[in-house]
Amino acid sequence: MTTKSKNNVRVFGRGERTMIFSHGYGCDQNMWRLLAPAYADRYRTVLFDLVGSGNSDRTAYDHAKYDSLRGYADDVVAWLIDRIGGAPIDPERRLFLSRLFGGVVALGGLGMAGFGLFSALRPVA
């Protein structure tokens, strides 16, 4: 099983910048179904399901791994931040949109995994 299939990663759109959408607990990537298409003409948009949610591979759930924030962040780092479509993503060319727990993964978990935290939060037009 690939990490992309484990998390039901779906990539749409075009553009030099990548916009990653992360959902919170109790929902899945479907929560972005009305927002993500609005950005697909300017950004490469990435939707995924955290393990245990939506159409993720539920057999991949490991209580020991996902008992901490780091388990979810490791998944994100493995495929979303490092490589999508086989090419590295420049940190200056990615945006991470999230809701609730997805934001905790982005701000806390990715920081623990060695990625710098966001210097500023700003709306994306």
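## Close-up views of a predicted model

**View 1. Strand β2 and its partner β3.** In β3, V46 is the residue that forms a bridge with I20. The model shown in this and the following views is predicted. The pairing to which these views belong is that of β2 with strand β3 (residues 44–47), which run in the parallel sense and are joined over 4 bridges. Elsewhere along this pairing, T18 stands opposite R44 in β3. Strand β2 covers residues 18–22, and 5 of its 5 residues are buried, so the strand is largely enclosed by the rest of the structure. The burial concerns both faces of β2, with T18, I20 and S22 buried on one side, and M19 and F21 buried on the other.

**View 2. Strand β1 against β3.** Strand β3 also pairs with β1, and these two strands run antiparallel, with 4 bridges between them. Within this pairing, R10 has L47 of β3 as its bridge partner.

**View 3. N8 in the loop between α1 and β1.** Residue N8 is placed in the loop that lies between α1 (3–6) and β1 (10–13). Most residues other than glycine have a negative phi. For N8, however, phi is near 50 degrees, which is a positive value in a residue other than glycine. The relative accessible area of N8 is 19%, and because buried means under 20%, N8 counts as buried.

**View 4. The surroundings of D49.** Residue D49 is found in the loop between β3 and α2 (69–81). Although D49 is buried, it has no salt bridge, and the nearest side chain of opposite charge, that of R10, is 7.0 Å away. A polar atom of the D49 side chain does, however, lie 2.8 Å from the backbone nitrogen of Q29. When its neighbours within four places in sequence are left aside, the residues in contact with D49 include N7, N8, H23 and D28, as well as Q29.

**View 5. A cluster of three tyrosines.** The structure holds 4 aromatic pairs. One of these is formed by Y61 and Y66, whose rings are stacked, at 5.5 Å centre to centre and with 20 degrees between the planes. The rings of Y66 and Y72 have centres 4.8 Å apart and planes at 50 degrees, so this pair is tilted. Taken together, Y61, Y66 and Y72 form one aromatic cluster. Within the cluster, Y66 and Y72 are both buried, whereas Y61, at 38% relative accessibility, counts as partly exposed.

**View 6. Salt bridges around D75.** The structure has 3 salt bridges. In one of them, the side chains of D75 and K6 meet at 3.0 Å, N to O. This pair links distant parts of the chain, since D75 lies in helix α2 and K6 in helix α1, 69 residues apart. The side chain of D75 also meets that of K65 in a salt bridge of 2.7 Å, N to O. Here D75 lies in helix α2 while K65 lies in the loop between β3 and α2, so the pair ties together parts that are 10 residues apart in sequence. K6, K65 and D75 are thereby linked in a network of salt bridges. Both D75 and K6 are buried, but K65 is partly exposed, with a relative accessible area of 28%.

**View 7. The salt bridge of R42 and D41.** The side chains of R42 and D41 meet in a salt bridge at 3.9 Å, N to O. R42 is partly exposed, with a relative accessible area of 39%, and D41 is also partly exposed, with a value of 46%.

How values were computed:
Residues numbered from 1 in each chain as written. Predicted model: local features only at pLDDT ≥ 70, side-chain atom pairs only at ≥ 80, totals over all residues. Heavy atoms only, no water. Buried < 20%, exposed > 50% of the residue type's maximum accessible area, 1.4 Å probe, protein only. Pairing = 2+ DSSP bridges. Phe/Tyr/Trp six-rings, centres within 6.5 Å; stacked < 30°, edge-to-face > 60°. Lys, Arg positive; Asp, Glu negative; His and termini not counted. Salt bridge = Lys/Arg side-chain N within 4 Å of Asp/Glu carboxyl O. Polar contact = N/O pair within 3.5 Å; in protein donor to acceptor, adjacent residues only side chain to side chain. Contact = heavy atoms within 4.5 Å.
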